[in-house]
Structures are given as structure tokens and as C-alpha cells.
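Reader: Could you bring up the model and talk me through it? I would like to start with the overall picture and then go into details.

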Amino acid sequence: MGDEKEMNSNGEAVLKSEVSGPLAGTEDAGLVERFRSGDMTAFEEIFKKYQKPIYNFAARMVSAQEAADVTQDAFYSAMKAIETYDKERRFSTWLFAIAKNRCYDILRRKGRISFQQYDDRSRHAAGTGSSRVEDALAKTELADVVETCLLQIAPQDRLVILLRDFHQFSHEEMSEVLQASIASVKSRIHRARMRFKEKIKPHLDRIGIRP
Amino acid sequence: MDCTEFRRLQTEYVEGTLNEASKKEAADHVGACEACAQEVKAYVASVKAMAALSVREPPPDLWERFQEYASARERTERVRAWGWVRALFRWRFSEVCKGIIIFMNVTCETATRKLQKYVVEA
């Protein structure tokens with residue numbers, strides 16, 4: 001467990017600094033300008049800077065197997081739409097918004113997302129969900145339990161939790177990704193965390209996190 | 001503050017973004033209500049649990065794969081865009097061929113008639 005935490009805190013630092021470091025905005029604006037004027041190496045720099053956060057985001061939103069495809073698709077869409085990028089906006093949030101849409105596209109295409117019916121299906125599949133949690137517990141892997149519980153909540157809740165608690169986005173950054181007001185973001189964080197808490201609550205004690 | 005009101009403000013309470021007055025009311029409620037105190041503990045624990053997620057490394061050749069992917073997509077999109085032009089050209093081309101054949105038919109027929117007339121007169 002100590003290793004897990006250490007690995008994570010290193011990882012979080014990487015993700016956070018790559019996504020929203022203090023100089024990220026200025027650097028990104030410069031890279032975007034260079035790419036707009038035809039310098040492909042600037043796009044390579046953008047790609048290499050953001051591939052890890054976008055890949056990790058996609059791996060949890062969709063699946064690890066499809067994460068690479070989503071990452072490529074998101075960067076391709078960003079490359080094609082670079083002229084529409086507004087310099088006043090953070091590049092990272094613009095890119096995450098694109099990645100979010102690509103994830104939703106895949107989930108819709110595969111029939112794994114139906115925003116209206118998700119709650120009903122989730123309730124209906126509660127039995128299967130519990131057994132999946134049991135499988136994860138058998139491996140005694142905390143990360144697996146968290147990932148399994150994440151997959152049991154609706155994609156729109158998963159998105160909010162990932163942005164806030166994994167990628168450490170601020171409310172302002174989240175409002176740009178979700179295209180929603182700060183107040184709406186706060187209430188979505190609250191709702192998503194409450195739903196996630198309900199899923200993980202029965203396992204907290206067993207996986208070593210005491211409530 | 002009652003339990004319903006507290007649970008509505010739970011996120012802000014945990015994140016420490018409540019104003020001083022609400023923060024004190026919430027703290028007093030948590031101190032007095034065992035159920036809400038347990039809820040807060042579970043809430044904090046579930047947020048902490050997210051820290052267990054490890055960072056995954058993308059495939060090392062992702063940039064190279066992306067370049068191939070982008071080229072393939074561009075080719076597909078170009079083919080799709082040129083498809084209309086080609087279809088139009090194909091249609092025009094066949095129309096032009098038809099026109100030439102009709103013209104040649106008419107010309108040949110006229111020439112044949114003229115030749116027949118000439119032979120008869122001779």
C-alpha cells in the first residue's frame with residue numbers, strides 16, 4: 001500500500017504539472033501559434049506533453065484497451081480544429097473537452113451509455129456489480145476496487161470525479177471542460193462524489209481505508 | 001442545521017469552502033449527529049480512495065502511431081471529398097462520350113445519304 005501511495009503521489013504530480021502548471025497557459029499558447037503557422041514539431045510537443053493525462057483520462061472513462069485509440073482520435077480532432085481554438089481559454093481544458101466528447105462517442109456507440117436510462121440499468125445490474133467488486137477484492141488491489149467502483153457509476157459522474165479527484169482540476173478548469181457554471185460544477189461534484197461514496201462505502205474498511 | 005441541510009453542504013464543508021458562519025453551524029451539527037459524522041468520514045475516505053489510482057504509461061510509440069493514424073484519416077477524408085468530384089467527372093465523361101457517339105452517328109448518316117445521292121445522280 002505504501003508503494004501504491006508513493007507511486008500515485010508521483011503520478012499525480014506529473015499529471016497536475018503537465019495539465020495545469022503555472023506556465024502551462026503561456027507555453028501552450030506559444031506552441032499553438034507555432035503549429036498554426038505550420039510547424040509540425042510544435043504539435044509533437046503538444047502531443048508529448050498531454051498524451052499521458054489524456055491517455056489516463058480515457059483509460060478510466062472508457063477502458064485501458066481503447067485509451068490509445070481515444071487519445072489519437074482526440075489529438076486528431078484537436079489538430080483539425082486548432083483554428084477554432086480560442087487563445088483566451090486554457091489549452092488543457094479545451095483538449096480535455098475534446099477527449100471527453102470522444103469518450104462519450106465511444107460509450108454511445110457501444111451502447112454503454114444512455115444518460116436517461118443509466119440509473120435504472122445500474123440498479124438492475126447491482127448484483128453483477130457486487131460480484132465484480134468481490135473479484136477485485138479477491139486480488140486485494142485497492143486500485144482495482146476503486147476502478148471497479150468508478151465503472152459502476154454513470155459516465156457523467158465518473159467524468160466529474162476523474163477531473164476533480166484524479167486530475168486535480170480546479171472548479172474554473174472544470175467549468176471550461178464541462179461548459180457549465182461554477183455553481184453547476186460544484187453541485188455535480190457533490191452528486192458524483194455521493195454516488196461514488198455509496199458504491200465504495202461497503203468496501204472502505206476491507207480495502208484498508210477507514211471511514 | 002438539520003441533516004438534510006448538512007448533507008447538501010457536505011462537499012463545501014469537506015473542501016473548506018463554506019463561510020465562517022455556515023462552517024461553524026456544520027461543525028456543530030457533525031459534533032452532535034453521529035449519522036452525519038459517519039457520512040463525513042465515509043465521504044472523506046471515498047475521496048482519499050481516488051488517490052489509489054495509479055498513473056498509466058501510454059504506449060511508448062504513441063506519437064508514431066498517431067502520425068500513421070492521422071495520415072490514414074486524412075487519406076480517407078480526402079478520398080471522401082474527391083469522391084463527389086470524381087462521381088461528377090465520371091457522369092460528365094459518360095455524357096460527353098454519348099454526345100460524341102450521337103454526333104458521329106448523325107454525321108455518318110448524313111455522309112452516307114450524301115454519298116447515296118451522289119451515286120444515284122452519277
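Author: What follows is a short walk through two chains, beginning with chain B as a whole and then moving to single helices and residues.

Author: Please keep in mind throughout that this is a predicted model.

Reader: Fine, so how many helices and strands are there in chain B?

Author: Chain B has 5 helices and 0 strands, and reading along its sequence gives the pattern α-α-α-α-α.

Reader: And what are the dimensions of the box that its C-alpha atoms fill?

Author: Taken along the principal axes, that box is roughly 130 × 40 × 25 Å. The radius of gyration of chain B is 42 Å, whereas a compact globule of 122 residues would have one near 14 Å.

Reader: How far apart are B:Ile101 and B:Glu5, for instance?

Author: Their C-alpha atoms are separated by 87 Å, and the two residues are 96 apart along the chain. B:Ile101 itself sits in helix 5 of chain B, which covers residues 62-121.

Reader: Is B:Ile101 buried or exposed?

Author: B:Ile101 is exposed, because its relative accessible area is 54% and the cut-off for exposed is over 50%.

Reader: What share of chain B is buried, then?

Author: Buried residues account for 25% of the 122 residues in chain B. Its accessible surface comes to about 8,800 Å², and 61% of that belongs to carbon and sulfur atoms. As for contacts in chain B with a separation of 6 or more, 57% are between residues 24 or more positions apart.

Reader: What about charges on that chain?

Author: Chain B carries 19 positive and 18 negative side chains, and the centres of these two sets lie 16 Å apart.

Reader: Switching topic, how many disulfides does a search of the whole structure find?

Author: The search finds 0 disulfides over all chains.

Reader: Why is there no bond for A:Cys149?

Author: The cysteine sulfur closest to that of A:Cys149 belongs to A:Cys103 and is 20 Å away, which is too far for a bond, because a disulfide needs the two sulfur atoms within 2.5 Å. A:Cys149 counts as buried, with 0% relative accessibility.

Reader: And B:Cys108, where is its closest cysteine sulfur?

Author: It is in B:Cys97, at 16 Å from the sulfur of B:Cys108, and that is again too far for a bond. B:Cys108 counts as partly exposed, at 47% relative accessibility.

Reader: Back to A:Cys149, what can you say about the helix around it?

Author: A:Cys149 is one of the buried residues of helix 8 of chain A, and others among them are A:Leu142, A:Val146 and A:Gln152. This helix, residues 142-152, is largely enclosed by the rest of the structure, because 9 of its 11 residues are buried.

Reader: How many residues of helix 9 are buried?

Author: In helix 9 of chain A, residues 155-166, 12 of the 12 residues are buried, and the helix is therefore mostly covered. The buried residues include charged-type names such as A:Asp157, A:Arg158, A:Arg164 and A:Asp165, alongside A:Leu162 and A:Phe166. Helix 9 is followed by A:Gln168, whose phi is positive, near 55 degrees.

Reader: One last residue, please: which residues does A:Gln51 touch?

Author: Leaving aside residues up to four places away in sequence, A:Gln51 touches A:Thr71 and A:Phe75 in chain A, as well as B:Pro58 and B:Leu62 in chain B. A:Gln51 is found in helix 3 of chain A, residues 40-61, and counts as buried because its relative accessible area of 15% is under the 20% cut-off.

Notes
Residues are numbered from 1 along each chain as its sequence is written. Chains are lettered from A and ligands numbered from 1 in the order in which they are written. This is a predicted model: local features need pLDDT of at least 70, side-chain atom pairs count only at pLDDT 80 or more; totals for chains, interfaces and linings use all residues. Side-chain values use heavy atoms; hydrogens and water are left out. Helices (H or I, at least four residues) and strands (E, at least two) are DSSP runs, numbered from the N terminus. The radius of gyration is taken over C-alpha atoms; the globule rule is 2.2 Å times the number of residues to the power 0.38. Buried means under 20% relative accessible area, exposed over 50%, partly exposed in between (1.4 Å probe, protein chains only). Contact means heavy atoms within 4.5 Å. Accessible areas come from the Shrake-Rupley method with a 1.4 Å probe; for residues, only the protein chains shown count as cover. The place of a charge is taken as NZ of Lys, CZ of Arg, CG of Asp or CD of Glu.
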